[in-house]
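Grab a pencil and let's work through a few exercises on a protein model. Each one gives you a task, then a solution in steps.

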Amino acid sequence: MSLFRCPLCASPLERGERTYRCPRGHSFDRAREGYVHLLPANQKHAREPGDDKAMAAARSRFLDGGWYAPLREALCHLALASAPEAPAVLDAGCGEGFYTAGVFQALQAGRGDVQMAGVDLSRPALRRASRRAPGVEFAVASVYRLPVVDTCADLLLDCFSPLALDEFRRVLRPGGVFLYVVPAARHLWELKEVLYDRPYLNREEDIPYQGFQYVEVVPVECRMDLDRAALEDLFTMTPYRWKTPRQGIARMEALDGLSVTASFRIHVFRRE
């Protein structure tokens, strides 16, 4: 049985070799790479929602370079400390699957049989995720309307994706753990100093969300000495790509490289 449910009638889906089917006869074909499209047309707000090919490719190259490996290692450590034996895991907003694959492999090694699913709006990202983690089931879907069975997950990941609290409360089992990754105040500060005349600090908040018990906040920080290619990939994979003035882009493009601080906060919650 799959962790996914039918986006049309909310019945559980059964995964076949080529399709997903529900008891009411709805079926959804799997793409050649293995992911399935579970985003109904009336939930699409763009022809091709989510990250485009260029962003997915840049993020994949950058993450494969190991620059954010300390964050993935911290997530794997927290997952092993939180998940029971044979856990069910959901990555909400999984992107190209860098963190998904890391957590899946760590749990396979330390917690036995693992059932894991990832959802994202971007088809280009999910093509890469499916190749990176073939043991995980992936679906095109919105985190605000997760095609996921009620109270099925022991562990839920959200790395830089929207905070869909109503859906997260629905799919996470009582006692389950939610790992929420956000940028710390000075994340990529040196890059911001290049891009903007008046760089801004990210807001840091510790909010006790209804239905969740706050466990801890785990900081992760690393220094990255980026060459020109890695710097361009970092810029392309971030929202800065859409909101940086031309003068800032010109300053960045004039650099041969840059030393940048990556700074994250992992908020750890337990479902009440």
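What follows is three exercises on pockets, cores and salt bridges.

Before you start, note that this is a predicted model: local features need pLDDT of at least 70, side-chain atom pairs count only at pLDDT 80 or more, and totals for chains, interfaces and linings use all residues. Residues are numbered from 1 along each chain as its sequence is written, and side-chain values use heavy atoms, with hydrogens and water left out.

**Exercise 1. Describe the largest pocket: what is its volume, and which residues lie closest to its centre?**

Step 1. Get the term straight: on a 1 Å grid over the protein atoms alone, a pocket is an open set of points where a 1.4 Å probe fits, with protein on both sides within 12 Å along at least five of seven lines; lining residues have an atom within 4 Å of a point.

Step 2. The largest pocket holds about 1,100 Å³ of space, counted as the space filled by probe spheres set on the points.

Step 3. It has 41 lining residues, and R59, C159, F160, S161 and P162 sit closest to the centre.

Step 4. Sort that lining by class and you get 22 nonpolar, 11 polar and eight charged residues.

**Exercise 2. Find the residues that touch the most other members of the largest nonpolar core.**

Step 1. A nonpolar core is a set of buried Ala, Val, Leu, Ile, Met, Phe, Trp, Tyr and Cys residues joined through side-chain atoms within 4.5 Å. Buried means under 20% relative accessible area, exposed over 50%, partly exposed in between (1.4 Å probe, protein chains only).

Step 2. The largest core has 59 residues, and the winners are Y68, M224 and I266.

Step 3. Helix 3 (residues 98–111) gives this core its largest share, seven residues.

Step 4. Don't stop there: a second, separate core has 34 residues, including C22 and A117.

**Exercise 3. Work out which parts the D233–R61 salt bridge ties together.**

Step 1. A salt bridge is a side-chain nitrogen of Lys or Arg within 4 Å of a carboxyl oxygen of Asp or Glu. The structure has 17 of them.

Step 2. In this one, the side chains of D233 and R61 meet at 2.7 Å, N to O.

Step 3. D233 is in helix 7 (residues 228–237) and R61 in helix 1, so the pair links parts 172 residues apart in sequence.

Step 4. Check the surroundings: D233 is buried, at 10% relative accessible area.

Definitions and conventions. Ala, Val, Leu, Ile, Met, Phe, Trp, Tyr, Cys and Pro count as nonpolar, Asp, Glu, Lys and Arg as charged, and the others, Gly among them, as polar. Helices (H or I, at least four residues) and strands (E, at least two) are DSSP runs, numbered from the N terminus.
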